[in-house]
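Reader: I would like to go through the side-chain pairings of this model. Please give the reasoning along with each result.

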Amino acid sequence: MAITSGGKGSVLRRKPIDDVDDEKTGNKLFKSLGLWQLTAIGVGGIIGIGIFTLAGLVANGGPDASPVGPAVLISFLVAGLASAAAAMSYAEFAGMVPRAGSAYTYGYVALGELIGWFIGWDLLLEYTAIVAVVAIGISGYFTEFLAGFGIDMPVWMQGTGDTVEGGVINLPAAVVCLFITWILSRGTKTFGRFELVAVGLKVLLILFIVGLGIFYINTDNYTPFMPSGFGAVFTGAATVFFAVFGYDAMSTAAEEAKDGKKHMPKAILLSLAVAMVLYVLATLVLTGMQNYRDISPTAGFASAFQSAGLPVIATVISAFAVLSILTVMLTFLLGVTRVWFSMSRDGLLPGWFAGTDRHGTPQRVTWIAGGASALLAGFFPIRAVADLTNIGILAAFVVVCVAVIVLRYRQPDAPREFRLPLMPWVPAFGVLASGFLMLQLHWETWLRFGIWLLIGMLIYGFYGYRHSLLNPNSPRLRQVRPDPQPEG
């Protein structure tokens with residue numbers, strides 16, 4: 001195992017770009033995903049909770065924030081612009097390093113082990129939390145769907161006490177987390193096929209909503225367009241940010257792509273472009289159909305069509321919204337399992353987690369991450385979980401944008417399938433935009449984030465640093481490369 005900059009004892013030792021560690025450890029992920037399956041995974045991760053839940057939540061404001069109103073459209077565009085700069089940075093890296101791990105691997109290659117560790121540790125929490133917050137969003141539509149048939153769920157199982165008076169647990173959210181865990185455990189090939197079909201249905205549903213809803217727009221609902229000013233719009237952008245970066249989790253599957261260097265950059269840019277067009281159309285229809293004060297913060301489009309006197313359509317939307325949002329959960333659960341797998345395979349976490357079954361699926365981390373997301377979904381309110389996910393992903397974006405600049409100047413001649421334009425201005429804008437959005441988040445979110453990183457620092461200090469495969473004295477190296485036997 002080669003040791004690069006910083007010396008063999010340095011926390012800034014870097015992972016070589018051409019390190020084929022999957023072959024050295026024997027833990028491999030199967031290559032079964034083509035361009036359109038990768039793009040579907042990206043679109044599946046981006047579109048879902050943003051349109052069906054967060055658009056209504058941010059427009060209405062809910063109990064804890066100022067209403068953004070129809071200007072939620074600008075919130076999505078601000079988030080999308082910041083995301084686009086990071087997307088091009090991800091695309092350049094994906095064309096160079098088609099390995100599992102996404103931002104963790106990119107940071108490890110360009111900035112060193114300690115930075116890679118922090119981003120990987122950060123993503124373990126953020127991706128798990130995203131699965132949870134999306135499940136909470138599904139729960140709102142599921143309740144609306146049952147109500148359309150005259151079935152009222154007991155209040156105690158509809159949500160936590162912070163969101164539903166008398167609520168104890170969000171049982172539908174917890175159950176759906178376990179359901180998508182089971183789907184992912186069936187293997188990447190099965191998951192890829194499900195994602196392709198489900199994303200196709202999702203896009204058709206959104207086009208149907210937009211096509212029908214446009215006839216029920218009342219332009220008076222667009223006034224006032226920005227009821228709480230630009231400050232609320234930027235805060236809203238920080239809240240909806242995780243709805244525009246599903247390509248990040250999709251890039252964790254690079255090692256399972258049939259031609260990762262060629263297809264990953266295209267899939268990243270395609271998925272973001274498709275998603276942003278649909279976001280703009282959907283938010284215009286939502287805030288035009290119903291006054292932002294009356295939009296449901298948990299099931300926006302269902303409430304909009306109810307207000308238009310179309311309860312049957314509202315029920316249909318609720319049913320298909322549940323199916324379509326499942327793809328978001330699948331994408332991010334895939335992300336957390338592949339980052340965890342990659343960190344374990346590199347020696348930074350115990351190798352037990354890197355074990356795969358005959359389908360090339362890391363079953364252990366899949367079920368652990370799925371169980372953790374079920375607990376978060378069952379017992380935490382949606383806004384607290386959403387803000388926690390955003391600060392971590394924004395931090396990852398900062399690292400990736402810095403890393404792509406560093407690697408472009410450190411290894412300018414390394415083969416790149418995609419080269420982002422206007423270097424270093426585009427990634428520099430990504431750093432500034434992501435940092436600005438991080439500053440819009442509540443201090444409690446920063447506190448929770450800091451505590452998680454402190455726990456990670458302790459684990460790295462006591463385990464990861466010593467067991468890393470880049471440490472020539474690592475106990476894991478004896479498991480990877482047996483001692484040579486004497487001749488004769």
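Reader: Is Glu 113 buried or exposed?
Author: This is a predicted model, and the term buried applies under 20% relative accessible area. Glu 113 has a relative accessibility of 0%, so this residue counts as buried.

Reader: Which residue meets the side chain of Glu 113 in a salt bridge?
Author: Glu 113 belongs to helix 6 (residues 113-147), and its partner lies 100 residues apart, in the segment before helix 1. The partner is buried as well, with a relative accessible area of 0%. The N to O distance of the salt bridge is 2.9 Å, and the residue is Arg 13.

Reader: How many residues apart in sequence are the parts tied together by Asp 346 and Lys 15?
Author: Asp 346 and Lys 15 form a salt bridge, with the closest N and O atoms 2.9 Å apart. Asp 346 lies in the loop between helix 13 and helix 14, and Lys 15 in the segment before helix 1, so the parts tied together are separated in sequence by 331 residues.

Reader: Is Glu 444 buried or partly exposed?
Author: Glu 444 meets Arg 448 in a salt bridge of 3.8 Å, N to O, and both residues lie in helix 17, about one turn of the helix apart. The relative accessible area of Glu 444 is 35%, and values between 20% and 50% are classed as partly exposed. Glu 444 is therefore partly exposed.

Reader: How many disulfides does a search of the whole structure find?
Author: A disulfide requires a pair of cysteine sulfur atoms within 2.5 Å. For the whole structure, the number found is 0.

Note on methods
Residues numbered from 1 in each chain as written. Predicted model: local features only at pLDDT ≥ 70, side-chain atom pairs only at ≥ 80, totals over all residues. Heavy atoms only, no water. Salt bridge = Lys/Arg side-chain N within 4 Å of Asp/Glu carboxyl O. Helix = DSSP H or I, 4+ residues; strand = E, 2+ residues; numbered from the N terminus. Buried < 20%, exposed > 50% of the residue type's maximum accessible area, 1.4 Å probe, protein only.
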